[in-house]
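This report covers two pockets and a chain interface. Please keep the model in view while reading.

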Amino acid sequence: MRRVLTKEEVDDLFNFCYFNKVPYYDVQIEVVDHLASAIEKLWETNPDLDFDNAVYLVSQQLGGQAGLVIIKQEKEKALRKEYRLMVWRIVVEFYRFPKIILTAAVSLIIFFSLKNIQNDAWILSPLIFSVSAFSLYFLYFYFPKHIKIKSDGAAFLLNEVLQNRIAYKTLLVGGYIFGISTRLVHLSSVESIVFSILFSLYLVLLYADCVVLPKKVKKHFYDQFPQFKLA
Amino acid sequence: MGSNQLYKGSLATIILKLLEEKGRMYGYQITQEVKALSAGEFVITEGALYPMLHKLEADGMLTVETEMIGNRMRKYYSITHDGKKEVVDRMAEMEAFIRHMQTLLNPNIELA
């Protein structure tokens, strides 16, 4: 009779991945299936080989711990690229008709506000404060509650990559804009134009990263793993 | 070993072509299929296969679905419409490359 892995042995393979620096469930699934298929193949010719030795033999084919880490790192790289492409497509939409009308309108509102109100800090401060407050609220309250994919404490690589991306974008770039704006409280016309264009681009990026991208990522995830939707 | 180096640069083309012909496949199946088709001449290492599959997925060439097989979940890859177009381009490039290599390495063949 063909020997196949038991549920306990499959669980052991998940633990094997975890202790070999692959803690993410969405990466583990593929590695576990690969190891399991290779072990079952090995058992076809050597059915008496014990499970632990079989795991050792097939994991060596994968390159041991180093091989597993490479798979995880490459998956991370591929996810970052996938998210970057998604955001790029959203940004391009906002600079094409009809959405460019909205982008241009926001830029113009910021520009005319900066031109017509004497103290630029009155415009810059509320803008920066709103964006910073939104970013912090989004990252520490909204993301963990509404966006993060959760299932029995399993960690997902796509959560980590998405959260890091948003954190980088919202906090670092937001902080950079804040740093610039505190120095430039009296903007010239050219500076006002540049600031208005850049700030509207930042808002588009924020919208893409915080609103559109998480929805797409979640849909993509549930398309791939429909069992989590039912859980 | 030497031939593996030559195959490495063509890994994406091999994967796409295989998926175009065989329909959906999972990682381990791809390694076994390539090994069988090349009569053991070309062995895809897992360290090269999965990064390439993930890259092709990120590029929109492949789609993924999972299914419960026995006690474990399995990830299947299928080629997308864009992937099929890419196969045509890559195969044409590959054929041109082989022709040029033949001309370069065996110029007499062309003259004959």
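Which element gives the largest share of the lining of the second largest pocket? That share comes from α8(A), with five residues. The model is a predicted one.

**The second largest pocket**

This pocket has a volume of about 410 Å³. Its lining counts 17 residues, and those closest to the centre are A:Glu82, A:Met86, A:His220, B:Glu57 and B:Thr63. Both chains take part. From chain A, α4 (64-94) and α8 (189-224) each give two or more residues to the lining. From chain B, α4 (46-58) and β2 (62-69) do so. By residue class, the lining divides into seven charged, five polar and five nonpolar.

**The largest pocket**

About 670 Å³ of space lies in the largest pocket. It is lined by 22 residues, and B:Tyr7, B:Ser10, B:Ile14, B:Met94 and B:Ile98 are the closest to its centre. The elements that give two or more residues to this lining belong to chain B: α1 (2-8), α2 (11-22), α3 (27-37) and α5 (81-105). Of these, α5(B) gives the most, with eight residues. The lining holds 13 nonpolar, five polar and four charged residues.

The two pockets are set out below.

| Pocket | Volume | Lining residues | Nonpolar | Polar | Charged |
|---|---|---|---|---|---|
| Largest | about 670 Å³ | 22 residues | 13 residues | five residues | four residues |
| Second largest | about 410 Å³ | 17 residues | five residues | five residues | seven residues |

**The interface of chain A and chain B**

How many residues does each chain bring to the contact? Chain A brings 30 and chain B brings 23. The area buried between the chains is about 2400 Å². Carbon and sulfur atoms give 54% of that area. On the side of chain A, A:Glu30, A:His34 and A:Gln224 stand out: they supply 26% of the area that chain A buries against chain B, more than any other three residues.

Six salt bridges are counted between the two chains. One pair in a salt bridge is A:Asp33 and B:Arg74, whose closest N and O atoms are 2.9 Å apart. Polar contacts across the interface join 10 residue pairs, with both residues at pLDDT 80 or more.

The elements of chain A that give two or more residues to the side touching chain B are α1 (7-19), α2 (25-45), α4, α8 and α9 (226-230). Here α2(A) gives the most, with 11 residues. This side of chain A divides into 13 nonpolar, 10 charged and seven polar residues.

Terms used:
Residues numbered from 1 in each chain as written. Chains lettered and ligands numbered in written order. Predicted model: local features only at pLDDT ≥ 70, side-chain atom pairs only at ≥ 80, totals over all residues. Heavy atoms only, no water. 1 Å grid on protein atoms, 1.4 Å probe; cavity = no way out; pocket = protein on both sides within 12 Å on 5 of 7 lines; lining within 4 Å. Points joined across faces, edges and corners; volume = space filled by probe spheres on them. Helix = DSSP H or I, 4+ residues; strand = E, 2+ residues; numbered from the N terminus. Nonpolar A, V, L, I, M, F, W, Y, C, P; charged D, E, K, R; others polar. Contact = heavy atoms within 4.5 Å. Buried area = accessible area lost by both parts, 1.4 Å probe. Salt bridge = Lys/Arg side-chain N within 4 Å of Asp/Glu carboxyl O. Polar contact = N/O pair within 3.5 Å; in protein donor to acceptor, adjacent residues only side chain to side chain.
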